[in-house]
Structure formats: structure tokens, C-alpha cells
Amino acid sequence: GFHTKVHVLLRVPSQSRQALCKHLQCHPHINSVYKVTSQYHFLAECIFPHISDFDTFLSELEQRFIPLEHESHFITEDVKREGFLAEQESLYRPLAG
């Protein structure tokens with residue numbers, strides 16, 4: 001299975017942003033890519049079989065997109081996952097009583 005889930009914030013020079021975005025969109029281990037409003041340009045949700053696969057991915061990015069700034073956050077546990085629609089439905093149910 002896929003045991004390594006990571007959210008990675010990425011920043012590259014403006015002339016490399018479009019190429020990085022396309023690269024992330026086409027990569028098979030990138031689940032989602034977002035443009036963000038912070039010191040970084042993109043947030044990528046990555047899912048890899050092993051942490052070594054993520055390390056290889058990051059090394060390849062560092063070689064291809066120079067300079068690349070990044071910050072990785074490993075997901076250790078899903079505390080709540082995609083509950084928005086489920087919660088919306090419960091808001092419209094009449095209360096028992």
C-alpha cells in the first residue's frame with residue numbers, strides 16, 4: 001500500500017512556476033495541487049509507497065527546478081477527513097425530540 005502521505009509547500013522563481021505546476025499535475029504520486037497565498041506558490045498532496053520514494057521525488061525536483069524552496073509536512077494520522085459534505089447534510093436534518 002501507500003504508507004507515506006506528505007503535504008509539500010513549494011516555491012520556485014516566477015519563470016519556473018508554470019513548468020513546476022505542470023510537472024506536479026502530471027506526476028502519478030501527486031493527489032492534489034493547490035496554488036497558495038503565502039511565501040510559497042504551491043501546496044502538493046503527495047502519496048508514496050515508501051518514504052524513500054518521496055525522498056527520490058524531492059531530489060529530482062531539486063535538480064530540475066533550481067532554486068527550489070520547500071517545506072514538507074508528513075501526515076501521521078487522519079483526524080478528520082473530507083467531512084464537509086457529510087456535515088452539511090447533518091445540518092439540514094431535523095433534530096429529534
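**From the β2–β3 hairpin to the cysteines**

Strands β2 and β3 are joined by a hairpin of six residues. The model in which this hairpin appears is a predicted one. The two strands pair in the antiparallel sense, over five bridges. One position to locate in this pairing is Lys35, which stands opposite Phe42 of β3.

The hairpin belongs to a protein chain that has three helices and four strands. Along the sequence, these elements follow the pattern β-α-β-β-α-β-α. The chain has 97 residues, of which 29% count as buried. Its exposed surface is about 7100 Å², and carbon and sulfur atoms supply 52% of that area. Among contacts between residues at least 6 apart in sequence, 66% join residues at least 24 apart.

Strand β3 pairs not just with β2: seven bridges also join β3 to β1, and these two strands run antiparallel. Within that pairing, Val6 has Cys46 of β3 as its bridge partner. How many of the seven residues of β3 are buried? Five of them are, so β3 is largely enclosed by the rest of the structure. Cys46, at 1% relative accessibility, counts as buried.

On the other side of the hairpin, Ser32 lies in strand β2. Ser32 is buried, because its relative accessible area is 19% and the cut-off for burial is under 20%. Leaving aside residues up to four places away in sequence, Ser32 touches Leu43, Ala44 and Glu45.

Strand β1 contains Thr4. Is this threonine buried or exposed? Thr4 is buried, with a relative accessible area of 8%. Not counting residues up to four places away in sequence, Thr4 touches Cys46, Ile47, Phe48, Pro49, His50, Ile51, Phe54 and Phe74. With Ile51 there is also a polar approach: a polar atom of the Thr4 side chain lies 3.1 Å from the backbone nitrogen of Ile51.

Helix α1 spans residues 17-26, and its buried residues include Leu20, Cys21 and Leu24. These three cover an arc of only 100° around the axis, which puts them on the same side of α1. The other side of the helix carries Gln18, Lys22, Gln25 and Cys26, which are exposed. What do the buried residues of α1 pack against? Their partners are β1 (4-11), β2 (30-35), β3 (42-48) and α2 (51-64). The buried side of α1 is thus in contact with both strands of the hairpin, with β1 and with a second helix.

The cysteines named so far raise a further point. Cys21 is buried, with a relative accessible area of 17%, whereas Cys26, on the other side of α1, is exposed. How many disulfides does a search of the whole structure find? The search finds zero. For Cys21, the closest cysteine sulfur is that of Cys26, at 9.3 Å, which is too far for a bond because a disulfide requires the two sulfur atoms to be within 2.5 Å.

Taken together, strand β3 is paired with β2 over five bridges and with β1 over seven. The buried residues of α1 pack against β1, β2 and β3, as well as against α2.

Definitions and conventions: Residues numbered from 1 in each chain as written. Predicted model: local features only at pLDDT ≥ 70, side-chain atom pairs only at ≥ 80, totals over all residues. Heavy atoms only, no water. Buried < 20%, exposed > 50% of the residue type's maximum accessible area, 1.4 Å probe, protein only. Contact = heavy atoms within 4.5 Å. Areas by Shrake-Rupley, 256 points an atom, 1.4 Å probe, with all protein chains shown as cover. Arc of directions from axis to C-beta. Pairing = 2+ DSSP bridges. Polar contact = N/O pair within 3.5 Å; in protein donor to acceptor, adjacent residues only side chain to side chain.
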